[in-house]
Amino acid sequence: MYEKDALYTNLKGEIHLAPAAAPNAPTLTLACKLNRQPGDQRRDAEHNYLIAGSENGQIVFWDVRQPKDILTVFNETQTDSINSIDFKGSMLLAGSEDESLAVYNLMEKDETECVDLIVSAEQPVRMVRFMDGDQLFYENYRGVGVYDFDSGIRRFEHVFPNSVS
């Protein structure tokens, strides 16, 4: 980060970086959960990763124990801005401007092998969250929905009145 770079958060609790050195560069959506206890050696997303989704559709991973080195970059599955990310255990959920919801199993090594689910939200995705069990919540420009990723069934969908169709 440069001296004049700005970090800011939005109402969803996501952290964004607005680089001053390159004002036209993509901003980043970050997710990070650090709640390890001393001596905890777990290797799942909630404990060791800083994950950033960018405006060019990339998802970038760092290990917080060695932050100078990028672990990996996902750049094949989603093709437009990553607007929101969440993770639970070794599962990463990403919502994109390309209307996709993608669930990645981070225990796999390669991006193409770790995609567990990719489904259309039928509108650009604004926000995603894992819920209890195997359900995920999403908000798009038209409304909100709950998707059960084990059964592949959209359990709930609510369209906002006067929303964009």
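Here are some questions and answers about this predicted model.

Me: Let's start with the whole chain: how many helices and strands does the protein chain have?
Reply: Happy to start there! The protein chain has 165 residues, and 44% of them count as buried. As for its elements, the count is 2 helices and 14 strands.

Me: What is the accessible surface of the protein chain, and what share belongs to carbon and sulfur atoms?
Reply: The accessible surface comes to about 9,300 Å². The part of it that belongs to carbon and sulfur atoms is 50%.

Me: In what order do the strands of the open sheet with β7 stand?
Reply: Start from the edges, which are β7 (82-88) and β10 (115-120), each pairing on one side only. The twist from one strand to the next averages 15°. This open sheet has 4 strands with antiparallel pairing, in the order β7-β8-β9-β10.

Me: Which residue in the turn between β7 and β8 has a positive phi?
Reply: β7 and β8 are antiparallel partners joined by 6 bridges. One place to spot this is Asp86, which stands opposite Leu93 in β8. The two strands form a hairpin with 2 residues between them, and the turn residue with a positive phi, of about 60°, is Gly89.

Me: Which residue stands opposite Met91 in β9?
Reply: Look at β8 (residues 91-96) and β9 (residues 100-105), which run antiparallel and are joined by 5 bridges. Opposite Met91 in β9 you will find Asn105.

Me: Where is Glu99, and what is its phi near?
Reply: Glu99 is placed in the loop between β8 and β9. Glu99 counts as partly exposed because its relative accessibility is 31%. Its phi is positive although the residue is not glycine, and the value is near 80°.

Me: Is Ser84 buried or exposed?
Reply: Ser84 has its place in strand β7. That strand is mostly covered, with 6 of its 7 residues buried. Buried means under 20% relative accessible area. Ser84 has a relative accessible area of 0%, so this residue is buried.

Me: Which backbone nitrogen does the side chain of Ser84 reach?
Reply: A useful clue is that Ser84 and Met127 are 43 residues apart in sequence but 5.0 Å apart in space, C-alpha to C-alpha. The side chain of Ser84 reaches, at 3.1 Å, the backbone nitrogen of Val128.

Me: Which strands stand at the edges of the open sheet β11-β12-β13-β14?
Reply: This open sheet has 4 strands, and their pairing is antiparallel. An edge strand here has a single partner strand, so one side of it is left without a neighbour in the sheet. Neighbouring strands are turned by 15° against each other on average, direction ignored. The strands at the edges are β11 (125-130) and β14 (153-159).

Me: What is the bridge partner of Val128 in β12?
Reply: β11 pairs with β12 (residues 135-140) in the antiparallel sense, over 5 bridges. In β12, the bridge partner of Val128 is Tyr138.

Me: How many salt bridges does a search of the whole structure find?
Reply: One of them joins the side chains of Arg142 and Glu122, at 3.3 Å from N to O. Another joins the side chains of Arg126 and Glu139, at 3.7 Å from N to O. The search of the whole structure finds 2.

Me: Is Arg142 buried or exposed?
Reply: Arg142 lies in the loop between β12 and β13 (143-148), and its salt-bridge partner Glu122, 20 residues apart from it, lies in the loop between β10 and β11. Glu122 has a relative accessible area of 41%, so it is partly exposed. Arg142 is at 18% relative accessibility, and therefore it counts as buried.

Me: What is the phi of Glu122 near?
Reply: Glu122 is found in the loop between β10 and β11. Its phi is positive, in a residue other than glycine, and near 70°.

Me: What is the relative accessible area of Glu139?
Reply: Glu139 is in strand β12, and its partner Arg126 is in strand β11, 13 residues apart. Arg126 counts as partly exposed because its relative accessibility is 33%. Glu139 is buried, with a relative accessible area of 17%.

Methods. Residues are numbered from 1 along each chain as its sequence is written. Side-chain values use heavy atoms; hydrogens and water are left out. Two strands pair if DSSP finds at least two bridges between them. Axes are lines fitted to C-alpha atoms, for helices over the stretch in contact, and angles run from 0 to 180 degrees between N-to-C directions. Buried means under 20% relative accessible area, exposed over 50%, partly exposed in between (1.4 Å probe, protein chains only). A polar contact is a pair of N or O atoms within 3.5 Å; within protein, one must be able to donate a hydrogen and the other to accept it, and residues adjacent in sequence count only if both atoms are side-chain atoms. A salt bridge is a side-chain nitrogen of Lys or Arg within 4 Å of a carboxyl oxygen of Asp or Glu. Accessible areas come from the Shrake-Rupley method with a 1.4 Å probe; for residues, only the protein chains shown count as cover.
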